[in-house]
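Me: I'd like a close look at a single part of this protein rather than a tour of everything. Could you pick one strand and tell me what sits around it?

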Amino acid sequence: MNDFSLKTLGLLEFDAIRKRVAERAVSEEAARCVLEDLPLRDSESVGQLKTQVNAILERINSGDEEKRDSIPDIGFLLPKLMVEGTALELDEAYAIGIFVERGLALKAWIAKTSDPGLSELCLATPDCAAIPREVFRVLDREGRLRDLPEFAEINRRIHKLNHDLETMISRYTQDEDSRRMLQSTVPSQRDGRVVLALKANFRGRVKGIVHEVSASGQTLFVEPAEVVERNNDILIEQRRLDAEILRVLREMTSHIAEHRADLERFHKLIISLETLHARARYAYETRGHFALEGNALSLKQARHPLLGSSAVPIDFSMSGDINTVIITGPNTGGKTVSLKTVGLFALMNQFGLALPSDEGSILPVFDGVYADIGDEQSLSQSLSTFSAHMTNISSIINAATEKSLVLLDELGSGTDPEEGSAIAMAILDHLIEKQVRLITTTHHGILKNYGYTRARVENASVEFDGRTLSPTFRIVMGLPGESRAVDIAARNGLQPNIVSRARSYLADERSDVSALIAGLKKKHEELDAGESARRLEEQRLREERRKVDLKELRIKQKELEIKAGEVSKLKRLLEESRKTLENLVREVKEGELTREKTLKVKEFLRDLEQNATGADAAIEEERRALLEAQQNIDAESAAEDADKAGGGKAKRTKPRSKPRIMPGAEVLAGEYRRRGTVLRADKKGSWIVEIGSLKMSFQEQELIPLTPSTEAKKPIISTPDLVSSANPQFELSLRGMRVEKALETLQHQLDAAVLSGLGSFSVVHGKGDGILQKAVHDFLKTQSVVADYYFSRPEHGGFGRTEVALK
């Protein structure tokens with residue numbers, strides 16, 4: 001079996017994707033290359049291919065005029081240039097000239113990409129500009145032969161002979177007696193010679209050569225004797241012209257053949273560039289994103305490209321330490337489509353294509369993709385469905401390696417359920433031992449338990465809406481699904497009495513696994529409802545407290561405005577008093593001046609100014625306190641916004657004390673809160689602040705000093721010390737911790753949960769590189785008090801959060 005066999009490509013419908021990419025090529029040769037290409041196998045080649053395609057995609061998105069002129073095929077003409085003395089036909093020479101011209105334009109356009117390797121490749125390509133110059137020296141832009149000087153003398157003689165011939169013929173067509181003998185006054189041509197359409201009964205009246213007789217026998221096509229010689233002259237000159245044209249074409253072909261080696265390399269490069277261009281064009285039109293490379297397999301909102309607008313986006317994830325995923329759930333729930341989507345995305349990724357998914361999808365590079373999907377029954381080979389599946393799976397087992405991706409649909413089906421389950425588990429055991437990446441679907445209940453009891457194996461299910469009795473086509477990782485066959489049968493019209501009897505049989509014989517699954521789902525729903533209610537209540541209380549704080553702040557601001565008005569009045573009084581006292585001093589000076597009077601005047605002024613300054617300082621201090629209160633409220637609002645964005649996991653912290661304003665401090669300045677740096681103190685109560693290239697003066701109350709919490713950093717959520725509190729947390733956050741500290745905190749949480757009787761809780765570890773996630777799962781696996789653990793539902797954190805159930 002080949003690493004990318006035609007059978008697997010057909011099962012995963014990769015041929016249809018290749019065909020769509022080929023349709024984006026402007027060269028039929030490039031389109032054929034795309035249809036013949038296979039996905040690459042090594043990581044370096046796949047990375048280089050995607051980098052080049054992405055660079056061309058960036059050129060398309062840049063808005064620079066894209067080169068979309070069709071490029072003719074010339075590959076079949078290149079061997080002809082090796083034959084000495086050959087002459088290209090006009091259309092062949094025209095095709096070569098157009099190919100080189102448009103190839104040069106495409107090369108120049110792609111050479112401006114951001115990929116250095118692609119740019120260097122374009123710049124190192126041979127310059128074949130001499131070829132179109134030679135071609136279009138002989139041909140015009142429509143591919144017709146130009147009227148070259150070499151042809152001028154011959155064309156002049158042919159023109160003169162044709163004029164003499166028309167004069168001779170006109171003697172017959174314009175003479176009244178001769179016209180009566182003609183069926184038509186318009187001359188005809190037979191075998192390149194001018195003839196007259198003569199009525200049969202006038203045959204003896206015109207001497208000449210009969211070239212043809214009409215079907216009715218009523219018309220003879222006669223070349224008059226006096227015209228024969230002129231026709232011969234024209235024919236001779238025409239042959240001379242043809243020989244000269246052949247000489248010119250042979251000479252042009254010889255000049256092109258001189259550049260044959262460069263032309264062959266140029267042709268190969270242009271076809272290769274156009275295959276990349278077609279891939280980039282496909283990415284542009286489908287608005288896809290290139291997958292990142294990694295050991296994990298993670299698809300985000302992946303849509304099967306052949307389903308169009310009806311495709312339901314799926315999220316699928318296999319972390320690096322998971323080798324096998326077992327997908328269960330109802331029929332028509334989307335298990336097989338999900339299987340095909342993963343396989344097709346792997347092939348597309350290694351073919352250098354963007355994927356119809358959200359950014360952030362991750363795919364390893366596989367050395368082979370193998371699939372067993374659908375009904376393989378063959379009457380011609382006497383194979384049943386089960387036998388066909390076993391034959392195919394046997395060949396897959398022999399070929400697959402630890403770097404392969406294997407997709408098995410309905411493993412163990414088509415035979416006795418008990419024996420089919422045993423065979424399925426044996427196959428899984430073997431492939432897990434080989435460390436093959438495996439995704440399988442099944443309806444066997446025992447395989448659901450298999451996923452829980454084996455290392456490096458994870459269950460998944462396609463979601464089913466119990467209210468509408470229909471699938472939602474969403475994948476839920478970490479939780480097995482029920483087949484819901486009875487519900488689906490009832491929904492599809494099976495008679496009610498049969499459905500009722502089936503339910504009675506099911507009630508008597510329902511497996512423990514199905515009951516466990518139903519219980520898990522119900523518990524999930526209850527926890528989700530309780531969590532949502534708690535978050536809503538917290539949000540309501542915070543909003544109420546913020547309203548109260550704002551109301552109190554407005555009252556204080558109003559009081560400040562009133563006090564500020566009083567101080568303004570006091571300042572005006574001071575100014576007026578100063579003028580009055582100055583007048584008083586002048587009067588004193590004009591009269592009898594004593595030292596006692598002068599001292600009293602100065603003391604009065606000093607006391608008045610001190611009172612005004614004291615009141616102003618008190619108001620300024622109150623203004624600063626109000627500003628700090630406003631900042632605290634703003635900080636709390638920002639923390640609550642972050643809390644909402646993070647799913648209610650952020651914890652409130654006490655507001656930090658306001659730092660001092662000093663030279664070098666970072667501040668927000670003025671009404672529009674522009675960021676700047678304090679340079680130095682200015683006049684009393686003001687500072688010089690540098691904002692960009694400007695230096696401006698601001699009052700100190702107009703400046704808000706920045707603290708580390710003011711910066712736009714991702715909040716690090718603290719975790720209380722569980723040893724000191726002994727109170728377990730419903731949601732334990734380990735984000736931002738090192739592995740040792742996180743595991744120590746988790747151990748305290750488990751101890752506190754056991755002491756307090758808490759049955760379950762969640763652990764927020766984030767996604768990141770998966771290191772903390774793996775450490776948490778490995779730790780929980782060793783704890784005897786842990787009954788089960790699994791990732792949260794996508795809307796509650798997905799792979800960034802783990803639900804823990806205690807015994």
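Reply: A contact here means heavy atoms within 4.5 Å. Keep in mind that this is a predicted model. With contact defined that way, residues 24 or more positions apart account for 68% of the contacts in the protein chain that have a separation of 6 or more. The chain has 22 helices and 23 strands, and buried residues make up 43% of its 807 residues.

The strand I'd pick is β11, which covers residues 404-408. Of its 5 residues, 5 are buried, so the strand is largely enclosed by the rest of the structure. That goes for both faces: Ser404, Val406 and Leu408 are buried on one side, and Leu405 and Leu407 are buried on the other.

Now for the partners. Strand β10 (residues 368-372) pairs with β11 in the parallel sense, over 5 bridges. Strand β12 (residues 437-441) also pairs with β11 in the parallel sense, this time over 4 bridges. Leu405 is a handy place to see both pairings: valine 369 stands opposite leucine 405 on one hand, and leucine 405 stands opposite arginine 437 of β12 on the other. To get from β11 to β12 the chain goes through helix α14 (residues 417-433), and the three together make a right-handed β-α-β unit.

What else does Leu405 touch? Leaving out residues up to four places away in sequence, its contacts include Val369 and Arg437, the two residues just met, along with Leu297, Val342, Gly343, Ala346, Phe366, Gly368, Tyr370 and Ile439. Leu405 is also one of the residues with the most contacts inside the largest nonpolar core, a set of 101 residues. Others with the most contacts in there are Val100, Leu263, Leu273, Leu297, Phe316 and Ile439. Two of those names, Leu297 and Ile439, were on the contact list of Leu405 as well. The element that gives the most to this core is helix α11 (residues 260-286), with 11 residues. Another core, of 20 residues, lies apart from it, and Leu408 is among its members, as are Tyr370, Ile427 and Val457. So β11 has Leu405 and Leu408 on opposite faces, both buried because each falls under 20% relative accessible area. As background, nonpolar side chains tend to be buried together in soluble globular proteins.

Follow the chain out of the strand and you come to glutamate 410, in the loop between β11 and α14. Its phi is near 55°, a positive value in a residue other than glycine. Most residues other than glycine have a negative phi. With a relative accessible area of 22%, glutamate 410 counts as partly exposed, in contrast to the buried residues of β11.

Glutamine 301 makes a useful companion to that one. Its phi is near 50°, again a positive value in a residue other than glycine, but glutamine 301 sits within a strand, β6 (residues 297-302). Glutamine 301 is partly exposed too, at a relative accessible area of 29%.

For contrast with the parallel pairing around β11, look at the open sheet of 4 strands with the order β1-β2-β4-β3, where the pairing is antiparallel. There β1 (188-190) and β3 (208-213) stand at the edges with a single partner strand each, so one side of each is left without a neighbour in the sheet. Neighbouring strands of that sheet are turned by 45° against each other on average, ignoring direction. Inside it, β2 (residues 193-199) and β4 (residues 219-224) are joined by 4 bridges, and alanine 197 has phenylalanine 221 of β4 as its bridge partner. Helix α10 (residues 225-257) packs on this sheet, touching β2, β3 and β4, with its direction at about 70° to that of β4.

To sum up the part you asked for: β11 pairs in the parallel sense with β10 and with β12, is covered on both faces, and supplies Leu405 to the largest nonpolar core and Leu408 to the other one described above.

Technical notes. Residues numbered from 1 in each chain as written. Predicted model: local features only at pLDDT ≥ 70, side-chain atom pairs only at ≥ 80, totals over all residues. Heavy atoms only, no water. Pairing = 2+ DSSP bridges. Helix = DSSP H or I, 4+ residues; strand = E, 2+ residues; numbered from the N terminus. Axes fitted to C-alpha atoms, helices over the stretch in contact; angles between N-to-C directions. Core = buried A, V, L, I, M, F, W, Y, C linked by side-chain atoms within 4.5 Å. Buried < 20%, exposed > 50% of the residue type's maximum accessible area, 1.4 Å probe, protein only. Right-handed = clockwise from strand over helix to strand, strands pointing away.
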